[in-house]
Amino acid sequence: MNILSQLIVGFIALLHIYILWLEMFAWTTRGRKVFKTIPEDQFEKTKVMAANQGLYNGFLAAGLIWSLCITDIDWSKNIAIFFLSCVFVAGIYGAMTASKRIFFVQAVPAILGLLSFMLQI
């Protein structure tokens, strides 16, 4: 995996660790400031659902971090491509169902990561 791909994968992993923290541990505090379109009275009611979403984001981060730890170049690349594809799909689905902003936060970085592998820049 080239250095640019590693940097992008690392950035996306950190982003998803932040999302995990936000949805699992800061939903009713910082989450209110980040997710401004959600009515105030819904944060406490959706706390468990948000924590579940955060857990899934943690799995995405774990997979991306795992790809950075694999010494076999082909396996490392394949695992990274798989998890970047998962992030891309999640970003598309989130943009279609929740907020267009999710496309730019999740899907665009995943696209850049996938392109870095395809173009080997």
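Buried residues have under 20% relative accessible area and exposed ones over 50%, with partly exposed in between (1.4 Å probe, protein chains only). The model is predicted, so local features need pLDDT of at least 70 and side-chain atom pairs count only at pLDDT 80 or more, whereas totals for chains, interfaces and linings use all residues. Residues are numbered from 1 along each chain as its sequence is written, and side-chain values use heavy atoms, leaving out hydrogens and water.

**Close-up of the contact between helices α1 and α6.** Helices here are DSSP runs (H or I, at least four residues), numbered from the N terminus. Helix α1 covers residues 3–25 and helix α6 covers residues 101–119; their axes come within 9 Å and cross at roughly 160°. An axis is a line fitted to C-alpha atoms, for helices over the stretch in contact, and the angle runs from 0 to 180 degrees between N-to-C directions. The two helices are therefore roughly antiparallel (over 145 degrees; under 35 is roughly parallel, 65 to 115 roughly perpendicular, the rest oblique). The crossing of α1 past α6 is left-handed (the near helix is turned anticlockwise from the far one by less than a right angle; clockwise would be right-handed). On α1 the contact (heavy atoms within 4.5 Å) is made by Leu-4, Ser-5, Ile-8, Val-9, Ile-12, Leu-15 and His-16. On α6 the contributing residues are Val-105, Gln-106, Pro-109, Ala-110, Leu-112, Gly-113, Ser-116 and Phe-117. Sorted by class, the contact of α1 with α6 holds ten nonpolar, five polar and no charged residues (Ala, Val, Leu, Ile, Met, Phe, Trp, Tyr, Cys and Pro count as nonpolar, Asp, Glu, Lys and Arg as charged, the others, Gly among them, as polar).

**Close-up of the contact between helices α1 and α4.** The axes of α1 and α4 come within 8 Å, with a crossing angle of roughly 160°. The pair is therefore roughly antiparallel, and α1 passes α4 in a left-handed crossing. The residues of this α1–α4 contact divide into 15 nonpolar, eight polar and one charged.

**Close-up of Ser-67 in helix α4.** Ser-67 belongs to helix α4, which spans residues 47–69. With a relative accessible area of 0%, Ser-67 is buried. Apart from neighbours within four places in sequence, Ser-67 is in contact with Met-1, Val-9, Ser-76, Ile-79 and Ala-80.

**Close-up of Leu-84 and Ile-81 in helix α5.** Helix α5 covers residues 73–97 and includes Ile-81; Leu-84 is found there too. Leu-84 is buried at a relative accessible area of 0%, whereas Ile-81 is partly exposed at 28%. Not counting residues up to four places away in sequence, Leu-84 touches Val-9, Ile-12, Leu-64, Ala-110, Gly-113, Leu-114 and Phe-117. With that same exclusion, Ile-81 touches Leu-114 and Phe-117. The C-alpha atoms of Leu-84 and Phe-104 are separated by 14 Å, the residues being 20 apart along the chain. For Ile-81 and Phe-35, 46 residues apart along the chain, the C-alpha separation is 29 Å.

**Close-up of the aromatic pair Tyr-18 and Trp-21.** The whole structure contains six aromatic pairs (rings of Phe, Tyr and Trp, the last by its six-membered ring, with centres within 6.5 Å; planes under 30 degrees apart are stacked, over 60 edge-to-face, the rest tilted). The ring centres of Tyr-18 and Trp-21 are 5.8 Å apart and the planes stand at 35°, so this pair is tilted. Both residues lie in helix α1, three residues apart, about one turn of the helix. Tyr-18 is partly exposed, with a relative accessible area of 35%, and Trp-21 is partly exposed at 39%.

**Close-up of the aromatic pair Trp-27 and Phe-43.** The rings of Trp-27 and Phe-43 have centres 5.1 Å apart and planes at 50°, so the pair is tilted. Trp-27 sits in the loop between α1 and α2 (30–34) and Phe-43 in helix α3 (residues 42–45), so the pair ties together parts 16 residues apart in sequence. Trp-27 is buried at a relative accessible area of 5%, and Phe-43 is buried at 0%. Together with Phe-35, Trp-27 and Phe-43 form one aromatic cluster.

**Close-up of Thr-28 in the loop between α1 and α2.** Leaving out residues up to four places away in sequence, Thr-28 touches Phe-43, Glu-44 and Lys-47. Thr-28 and Thr-46, 18 residues apart along the chain, have their C-alpha atoms separated by 9.1 Å.
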